[in-house]
Amino acid sequence: MSDFMTRVLRRETHSPRSGWSVVAAILVALAAIYALLESVLAALGQPAWLVHPLDALTWIADLPGPYPQILLGAAGFLMALVGLIFLGNGLLPGRRARHVIDNPRVAIVVDDEVIASALAKCARVAAGVTREQVMVVVSARLVQVNVRPTSGIRLSEQKIQAAVESQLADMELDPRPAVTVKLASSGVIGV
């Protein structure tokens, strides 16, 4: 597979960071514009718009001052949480709900909902139940198949799992998720 196709597949399966970058840039720009406005007003001898820059610096230097420690702790925790959210979005791999089908000639990206629909049909046929009795959830590393059997009819988890795994092997997904099948303890009335 060429470098170009690899880049295209990565772009299609991973979420971009541009939204968070724009939010961070806007916040920094607003803070800088406000600091510039207050500094210009102070240099011209005009009253401060919100807080005089020297008063703000004195307030920060005098912390914790008369303020309750729990309030300062909550504010610090909130600021740390916002920082961790930005850091996590910048460093962790953001994955979209998509998988790549391994093909040496073309780049094929499939949405997880499409995969779940195909696997649900396969599980439904293997179990001999209706569409409403099967629910499939596909994530990056796991396919969870939930089946509600018809009352009075026994189903084989192994048979359903083998059918779903066979269908999944035919799809040649990258990365290939593991399959778990869960039968509900209560059945539904036959249709």
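# A tour of the predicted model

Start with the whole chain in view. A compact globule of 191 residues would have a radius of gyration near 16 Å, whereas this protein has 28 Å. Keep in mind that the model is predicted.

**Stop 1: the whole protein**

Show every C-alpha atom. Along the principal axes, they fill a box of roughly 85 × 45 × 25 Å. Now colour by secondary structure. You should find six helices and six strands. Follow the chain from its start, and the elements come in the order α-α-α-α-β-β-α-β-β-α-β-β.

Switch on the surface. The protein exposes about 13,300 Å². Carbon and sulfur atoms supply 65% of that area. How much of the protein is buried? Of its 191 residues, 21% count as buried.

Next, colour the charged side chains. There are 17 positive and 15 negative ones. The centres of the two sets lie 10 Å apart.

If your viewer draws a contact map, open it. Take the contacts with a separation of 6 or more: residues 24 or more positions apart account for 60% of them.

**Stop 2: the cis bond at P64**

Select L63 and P64. What is the form of the peptide bond from L63 to P64? That bond is cis, with omega near 5°. Most peptide bonds are trans. P64 sits in the loop between α3 (53–61) and α4 (69–91).

**Stop 3: G73 in helix α4**

Move along to G73, in helix α4. G73 is partly exposed, at a relative accessible area of 41%. Now draw a distance to A25. These two residues are 48 apart along the chain, and their C-alpha atoms are separated by 26 Å.

**Stop 4: I108 in strand β2**

Select I108, which has its place in strand β2. Buried, exposed or in between? I108 is partly exposed, because its relative accessibility of 26% falls between the 20% and 50% cut-offs.

Show what surrounds this side chain. Beyond the neighbours within four places in sequence, I108 is in contact with L9, H99, V100, I101 and N103. Then add V8. I108 and V8 are 100 residues apart along the chain, with their C-alpha atoms separated by 10.0 Å.

**Stop 5: helix α5**

Select residues 112–127, which form helix α5. The helix has 16 residues. From first C-alpha to last, α5 reaches 22 Å, close to the 22 Å expected at 1.5 Å a residue.

Which residues of α5 are buried? They are D112, I115, A116, L119, A120, C122, A123, R124, A126 and A127. Colour them and look down the helix. An α-helix has 3.6 residues a turn, so residues three or four places apart point the same way.

Now show the partners of these buried residues. They pack against strands β1 (98–101), β2 (108–111), β3 (134–138), β4 (142–147) and β5 (173–174), and against helix α6 (157–171).

Zoom in on D112, in helix α5. D112 counts as buried because its relative accessibility is 7%, under the 20% cut-off. Which residues does D112 touch, leaving aside neighbours within four places in sequence? The contacts are A97, R98, H99, V138 and S139.

Go on to V125, in the same helix, α5. V125 counts as exposed, because its relative accessibility of 63% is over the 50% cut-off. Measure from V125 to I160. The two are 35 residues apart in sequence and 8.8 Å apart in space, C-alpha to C-alpha.

Step off the end of the helix. Just after α5, G128 takes a positive phi of about 70°.

**Stop 6: E172 in the loop after α6**

Finish at E172, in the loop between α6 and β5. Check its backbone. Phi of E172 is near 55°, a positive value in a residue other than glycine. Most residues other than glycine have a negative phi.

How exposed is E172? Its relative accessible area is 47%, so E172 is partly exposed. Show its contacts. Not counting residues up to four places away in sequence, E172 touches V100, I101 and D102.

Last, draw a line from E172 back to A120. The two are 52 residues apart along the chain, and their C-alpha atoms are separated by 17 Å. A120 is one of the buried residues of α5.

Terms used:
Residues numbered from 1 in each chain as written. Predicted model: local features only at pLDDT ≥ 70, side-chain atom pairs only at ≥ 80, totals over all residues. Heavy atoms only, no water. Helix = DSSP H or I, 4+ residues; strand = E, 2+ residues; numbered from the N terminus. Rg over C-alpha atoms; globule rule 2.2 N^0.38 Å. Buried < 20%, exposed > 50% of the residue type's maximum accessible area, 1.4 Å probe, protein only. Contact = heavy atoms within 4.5 Å. Areas by Shrake-Rupley, 256 points an atom, 1.4 Å probe, with all protein chains shown as cover. Lys, Arg positive; Asp, Glu negative; His and termini not counted. Charge placed at Lys NZ, Arg CZ, Asp CG, Glu CD. Expected span 1.5 Å × (residues − 1).
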